[in-house]
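Work through the exercises below with the sequence and the model side by side, trying each task before reading its solution.

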Amino acid sequence: MGWVGRLFDARDTLVRMLLLCLSGVGYLVFGIQGAPTTTQWILAVLAFAAGLVFHRRPLVNLLTQAALLAVAICLLDDIMINQVGASWALFELTMRAERARTFWLAAGLLAAVDLTDSIGDPLGRFLSGVFGLLLEVGVPLLLGLVIRTTRELARQAQQRAAEERRRHESEDRAARADERSAIARELHDVVAHHVASMVLRVGVARHVLTDLDPRVSEVFDGVHGTGTAALADLRRLVAVLRDPEGVRGDAALTAIEPSALPAALGAAVDRARQAGVTVEADIDPAIGSLDAVRGLAVLRLTQESLTNVAKHAGTSALARLSVSVVDGAVHWEVTDNGRGWVPATVPAGGGHGITGMRERVEVLGGRLEAGPTGAGWRVRTVLPVAATPSHRVGPPAGSPPPEREASARTAEPA
């Protein structure tokens, strides 16, 4: 709204009254012939003072201005100041009165006071006085009604816009719920069924084939464990999709809330420590304010990287996790010193190796750096504030080629 609209805002009544008083003083000093009389100054000052004192009480101001106008009609020849003051008071009351009856009665009162100046006049002058009411009463009443109606229409438009926004949000929530239900049905009926069948067949094979090479048995155990963990994750994901609000505990990590991210990262670090890895964690508390998408990415990257440390650097290795938020961007890094012995079991990871980690980061607009550092390994990235999908690009400069990466560090979850 421009400065003209601001001038007639209900909060700026004092500004309007000050401008009106200054105009009245200018009229008394420069607008009349000769010097104003003492009575004229007294009535004018009283009108100015009443307007300033009662600028937030329009009804009281109108009654005061009407009384001063009645006195001026009896005592003065030039009643311009008090006429304008009473008309302006009617204008303010029309704009701000809660009930229409209030300003209509006030308009009738002001009209009656104005007509007292025409009592006893010839018919022509009386009719001229009646016609003058159009200017003294009709114009402020009309302007007040216009502004009042404009405000009401604006308020109704805002209400309709808010209702329309709520309706769209409700429709969007319903559409998302339907989509989640459809995805949950597909996961449950198709993917989970096949994974369960795979786990079952591997379990049967472990029991039927008793005389196996220990290395083959270890592979069977790994496949069975991975399939069981994947099936559990699928069930948790289905639960989240069907009822996002009702899921608590570990299941909620599939669609992690930002406030739960620090605890989830702490749990990932604890699991790595339980496997024997020494982990030094430096986690910025500000990550609790991240959006859910980047928060989930940070959690999955951490799970996958700590799994890789246990798998490739060994459980007696030292790993360092650093997560910080700088100007809204997430700086994440995991390093290890590459010294340790490789255990038979390691904590479950959260993705599909370096390739899966790089894809997750690139979708969020970042670049993953993975490569050797001294005797160990380092993985780091920066997730920017504006998480926009990026085109697939090759590995960043300094990262090992795919062949070396696969041979140096395969990051499949155990």
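**Exercise 1.** Establish in which sense β1 and β2 pair, and by how many bridges they are joined.

*Solution.* In this predicted model, begin with β1 and β2, which run parallel and are joined by six bridges. Next, pick out a single pair as a check: Ala-281 stands opposite Leu-321 in β2. Finally, look at the connection, where β1, α10 and β2 together make a β-α-β unit that is left-handed.

**Exercise 2.** Follow the pairing from β2 into β3 and describe the hairpin of these strands.

*Solution.* The pairing of β2 with β3 is antiparallel and extends over eight bridges. Leu-321 serves again as a reference point, since its bridge partner in β3 is Val-334. Two residues lie between the strands of this hairpin, in which Asp-327 takes a positive phi near 55°.

**Exercise 3.** Determine the strand order of the sheet and name its edge strands.

*Solution.* First, take the pairing of β4 with strand β5 (residues 376-383), which is antiparallel and consists of five bridges; here Ala-370 stands opposite Val-379 in β5. Then assemble the whole: the sheet is open, has five strands in the order β1-β2-β3-β5-β4, and its pairing is mixed. The edge strands are β1 (278-283) and β4 (369-373), each of which pairs on one side only. From one strand to the next, the twist averages 10°.

**Exercise 4.** Find which strands helix α9 and helix α10 lie across, and give the angle stated for each helix.

*Solution.* Helix α9 (residues 261-274) lies across β1 and β2 (318-326), and its direction makes an angle of about 165° with β1. Helix α10 (residues 292-313) lies across β1, β2, β3 (329-336) and β5, running at about 10° to β3.

**Exercise 5.** Decide how helix α3 is oriented relative to helix α4, and characterise the residues of their contact.

*Solution.* Start with the geometry: the axes of α3 (residues 38-53) and α4 (residues 58-75) come within 10 Å and cross at roughly 170°. Because an angle over 145 degrees counts as roughly antiparallel, α3 is roughly antiparallel to α4. Then inspect the contact, to which α3 brings Thr-39, Leu-43, Leu-46, Ala-47, Ala-50 and Gly-51, meeting Asn-61, Thr-64, Gln-65, Leu-68, Val-71, Ala-72 and Leu-75 in α4. Sorted by character, the residues of this contact comprise eight nonpolar, five polar and no charged.

Conventions
Residues are numbered from 1 along each chain as its sequence is written. This is a predicted model: local features need pLDDT of at least 70, side-chain atom pairs count only at pLDDT 80 or more; totals for chains, interfaces and linings use all residues. Side-chain values use heavy atoms; hydrogens and water are left out. Two strands pair if DSSP finds at least two bridges between them. Helices (H or I, at least four residues) and strands (E, at least two) are DSSP runs, numbered from the N terminus. Axes are lines fitted to C-alpha atoms, for helices over the stretch in contact, and angles run from 0 to 180 degrees between N-to-C directions. Contact means heavy atoms within 4.5 Å. Angles under 35 degrees count as roughly parallel, over 145 as roughly antiparallel, 65 to 115 as roughly perpendicular and the rest as oblique. Ala, Val, Leu, Ile, Met, Phe, Trp, Tyr, Cys and Pro count as nonpolar, Asp, Glu, Lys and Arg as charged, and the others, Gly among them, as polar. A crossover is right-handed if, with the strands pointing away from the viewer, the path from the first strand over the helix to the second runs clockwise.
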